[in-house]
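Good morning, and thank you for the opportunity to present at this meeting. I would ask you to look at the sequence and the structure as I show them, and then to follow me through the charges, the surface and the interior.

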Amino acid sequence: EGMHSEIIRCTANWKRSGQRRDTVLLMEDGARPGMRGLGVARVRLFFSFRYRRKIYQCALVDHFKRVGTRPDPATGMWRVALHTIGNGRFQSVQSLDTVLRAVSWPQRGGT
């Protein structure tokens with residue numbers, strides 16, 4: 001429906017009030033409808049690298065997992081929780097090609 005752009009922020013000091021790590025939706029399985037085919041992640045770092053003369057733009061992300069098997073009946077929205085493995089966060093490197101869009105929700109300091 002025309003040109004569209006979004007800003008995804010990932011910084012250690014946002015307006016002198018602490019870090020800001022925006023949340024994004026990732027394309028995981030195009031065959032599954034709606035949120036069932038998407039992943040939720042928080043961006044920790046943007047970076048790029050060159051391999052065989054091609055530049056790859058990537059993000060290091062913390063993954064979230066869905067809570068429950070369907071959206072919350074009161075809000076109609078999916079609930080998510082930080083996905084952990086052992087004592088750490090489940091992180092991965094994602095190509096920016098897999099980022100569908102930014103997600104807006106209240107940011108809590110230091111996470």
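Let me begin with a pair of charged residues: Asp22 and Arg20 form a salt bridge, in which the closest N and O atoms are 2.7 Å apart. By salt bridge I mean a side-chain nitrogen of Lys or Arg within 4 Å of a carboxyl oxygen of Asp or Glu. Side chains of opposite charge can pair when their charged atoms come close.

A word on the source is due here. This is a predicted model, in which local features need pLDDT of at least 70 and side-chain atom pairs count only at pLDDT 80 or more, while totals for chains, interfaces and linings use all residues. Residues are numbered from 1 along each chain as its sequence is written, and side-chain values use heavy atoms, with hydrogens and water left out.

Are the two partners of this salt bridge buried or exposed? Buried means under 20% relative accessible area, exposed over 50%, and partly exposed in between, with a 1.4 Å probe and protein chains only. Asp22 counts as buried because its relative accessibility is 4%. Arg20, with a relative accessible area of 22%, is partly exposed.

The count of salt bridges comes to 4. Two further ones share a residue, Asp62. With Arg44, Asp62 forms a salt bridge whose closest N and O atoms are 3.4 Å apart. Asp62 lies in strand S5 and Arg44 in strand S4, which covers residues 38–51, so the pair ties together parts that are 18 residues apart in sequence. Strands here are DSSP runs of E with at least two residues, and helices are runs of H or I with at least four, numbered from the N terminus.

With Arg89, Asp62 forms another salt bridge, and there the closest N and O atoms are 3.1 Å apart. Arg89 belongs to strand S8, residues 88–89, and Asp62 to strand S5, so this pair ties together parts that are 27 residues apart in sequence. Arg44, Asp62 and Arg89 are thus linked in a network of salt bridges. Within this network, Asp62 counts as buried because its relative accessibility is 0%. Arg44 is partly exposed at 23%, and Arg89 is partly exposed at 36%.

Let us now step back to the whole chain. How many helices and strands does the protein chain have? There are 0 helices and 10 strands. The C-alpha atoms fill a box of roughly 50 × 40 × 40 Å along the principal axes. Of the 111 residues, 22% count as buried. The chain carries 20 positive and 8 negative side chains, and the centres of the two sets lie 7 Å apart. In that count Lys and Arg are positive and Asp and Glu negative, with His and the chain ends not counted; the place of a charge is NZ of Lys, CZ of Arg, CG of Asp or CD of Glu.

I turn next to the surface. Patches are made of residues with over 30% relative accessible area and no salt bridge, with like charges joined within 9 Å and nonpolar side chains (Val, Leu, Ile, Met, Phe, Trp, Tyr) within 5 Å. Arg32, Arg36, Arg66 and Arg70 form a positive patch. Of these, Arg66 sits in strand S5, residues 54–67, and is partly exposed at 32% relative accessibility.

There is also a nonpolar patch, formed by Leu45, Phe47, Phe49, Tyr51, Tyr56 and Val93, with about 540 Å² of accessible area together. Such areas come from the Shrake-Rupley method with a 1.4 Å probe, and for residues only the protein chains shown count as cover. Which strand gives the largest share of the nonpolar patch? The answer is S4, with 4 residues. Leu45 is found in S4 and is partly exposed, with a relative accessible area of 42%.

Finally, I come to two buried residues of strand S3. Thr23 is found in S3, residues 23–27, and counts as buried at 0% relative accessibility. Its C-alpha atom is separated by 9.3 Å from that of Cys10, 13 residues away along the chain.

Val24 is found in S3 as well and is buried, with a relative accessible area of 1%. Which residues does Val24 touch, not counting those up to four places away in sequence? Among them are Ile8, Val40, Val43, Val99 and Val103, where contact means heavy atoms within 4.5 Å. Val24 and Thr75, in turn, are 51 residues apart in sequence and 20 Å apart in space, C-alpha to C-alpha.
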